Amino acid sequence: MATRLQFENSCEVGVFSKLTNAYCLVAIGGSENFYSTFEDELADVIPVVKTSIGGTRIIGRLCAGNKNGLLLPHTTTDQELQHLRNSVPDQVVVQRIEERLSALGNCIACNDHVALTHPDLDKETEEMIADVLGVEVFRQTIAGNILVGSYCAFSNRGGLVHPHTSVEDLDELSTLLQVPLVAGTVNRGSEVIAAGMTVNDWTSFCGSDTTATELSVIESVFKLREAQPSAIVDEMRKSLIDSYV
Amino acid sequence: MPRRPRKRPLNPRPLTFSPFARSAALVACINSAKQQINESEYLMDTPDKLKGNGHIKNTLEEASMQSESSDEEDFEGVVQADFAFFDPKPDDFHGVKILLQNYLDDKQWDLSGFVDLILEQTTVGTVVKIEGSEDDGIFSFVSALNLGRYKDHKCITELMEYLLTICQEKDVINDLKLLLGERACDVGLLVSQHVMNLPPQLLPPLYDAVFDEVSWATEDEPTEDLRSSFEFKFYILISKLYKHKGTVTKSKPNGKENDTIYAKPEDEIFHKLSSWSFNFPLRKQLVSPDELKDYRPMGLVMAVGADKSPPFCSCLGSRNCCNECHVFVLNFRDVPLNMEKLGEVWWPLILAATTCARSLATSIYTAVAEIVSPPCHSTTSVSLREERLWRICMCLSGVI
């Protein structure tokens, strides 16, 4: 289910939060409303962690993560790093990396299997991403924009990209990511998808300016209507092989 | 009209309205490009009133403000900006919303709904953009919303509730309740926001535009209800100012130490003309520039009678020439006075200063008086005209 909310009168929810299948990070300093909306949806299933990164609240744009790991920029303080290590589940590897492009959330878009990165990222960082996040890394652009982390948001079930992405690009990306993709907007026509919303396999949070049309597109492409958290988080993916003898 | 300041490669001064703001802004400007106004022309298209459909197309265009850099500064090149005034359109949503981010401090309210109201009212309201630019950034907007007409909208009820909660002054709260309650139909919320570095030359036509549109709307709107909804008796404004923290320190020898700096320069004039006003503390931590670190930001709400809009406009308009007077005087401060210019320069300057706001005028007179120098200190022979000029300046500045 997709929920609409605001962070202190700002609709850029994806800037102040980071949602994955194993944990959720939320910026400190917002009203309790913001935090409690996340708690209501997620409390029983995954931990909701209040944090800052490098003393700032724009945590969604500074870090990149999935259920396997969390990558933090070099500006993260030691206390914040320790706090995050303590708060996220044990199987999640929390790693601080030295990368010139420190807004990792803007440079890296990932789900649990694939990651798209900024074309100018260091080779070392790329290896780190593959290692910590356990994903296959592709250097890509989206509609000519190099900040792939800002202009698309995808989960294991679907993805939403910049509205000006051409059909060929859409097909190419869809093949790389192995999920259905749709070009659309969030927050009443804003093209910066990942800043306006945050998503995982069963739920999504969007800015309150998001129109009903945009919300229905999000719910359909990310397949949020039928999703149940327990089935996915517990990784009960029974591969049913029917053999007819 | 005083002679416009000549191009001088001297220390340029930033354009601000009050003496202290001037010195504060000067510090901020030290590293930025030096700009000198060579010319600014106002081109006004005659507004064509379309009686049939009740919409007034009013496009005021501001010709380019040219600035040249001086040698020492890093920034080289000419900045040319053609601002154009447009009617509000639904596409302006994001720009207007950003300008209104902190309108009601940190209160969570229906800001999107409020912006929608502003953009729907195309008859009264103006948005300032760069002409022909693709990225469509909004530099300023102004609008007047009738509180009674929109009182059922969630954003307006939340806004009125907010005003009533934050008003801590007993003598004002009753007036406020009256304006928001029984007399809401006669009250217009004057919403005006602009980016901090908007050229001040744009403000007089902007405010002229909104007040003209209000008066045209009273004649041109299709229904009687709508026509009467624009017959405002009062305007309410919500804005910000900076008050000097702590105790009042010893007064400086030159110039006046201002304990209030207004976030928007036109607010000073509104405040003077207001029937009542009150301040309220701001809860949100706002980033303020270093020069203002001794100042505490506070909110300001004021009610201005609608009959005060003509004097406001003329004061604002003359402020522009006052700005130029001020710049002119400051530029000439270090230069030996050429008494031949007395008739051309100083007298018109004094006359122009008489139309300015009190504090500004006083500082201009004082500056002129200092330059002219009193007879007793002067070593050269002093003409009668010079002495007369000095005496007049001293009288006007209140020293004598």
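What follows is a walk through two open sheets of chain A and the helices that lie against them, in a model that is predicted.

One of these sheets has 3 strands in the order β1-β15-β14 (chain A), and its pairing is mixed. The edges are taken by β1 (2-5) and β14 (197-199) of chain A, each of which has a single partner strand, so one side of each is left without a neighbour in the sheet. Direction ignored, neighbouring strands of this sheet are turned by 20 degrees against each other on average. Between β14(A) and strand β15 (residues 204-207) of chain A the pairing is antiparallel, with 3 bridges joining them, and within this pairing Thr198(A) has Phe205(A) in β15(A) as its bridge partner. Helix α2 (residues 32-42) of chain A packs on the sheet, where it touches β1 and β15 of chain A, and its direction makes about 170 degrees with that of β1(A). Helix α10 (residues 212-221) of chain A lies across β1, β14 and β15 of chain A and runs at about 140 degrees to β1(A).

The other sheet to consider is also open, with 3 strands in the order β8-β9-β10 (chain A) and mixed pairing. Its edge strands are β8 (108-110) and β10 (136-139) of chain A, each pairing on one side only, and the twist from one strand to the next averages 20 degrees. Strand β9 (residues 114-117) of chain A pairs with β10(A) in the parallel sense over 4 bridges, and Val114(A) has Glu136(A) as its bridge partner in β10(A). Across β8, β9 and β10 of chain A lies helix α6 (residues 123-133) of chain A, which runs at about 145 degrees to β10(A).

Technical notes
Residues numbered from 1 in each chain as written. Chains lettered and ligands numbered in written order. Predicted model: local features only at pLDDT ≥ 70, side-chain atom pairs only at ≥ 80, totals over all residues. Heavy atoms only, no water. Pairing = 2+ DSSP bridges. Helix = DSSP H or I, 4+ residues; strand = E, 2+ residues; numbered from the N terminus. Axes fitted to C-alpha atoms, helices over the stretch in contact; angles between N-to-C directions. Contact = heavy atoms within 4.5 Å.
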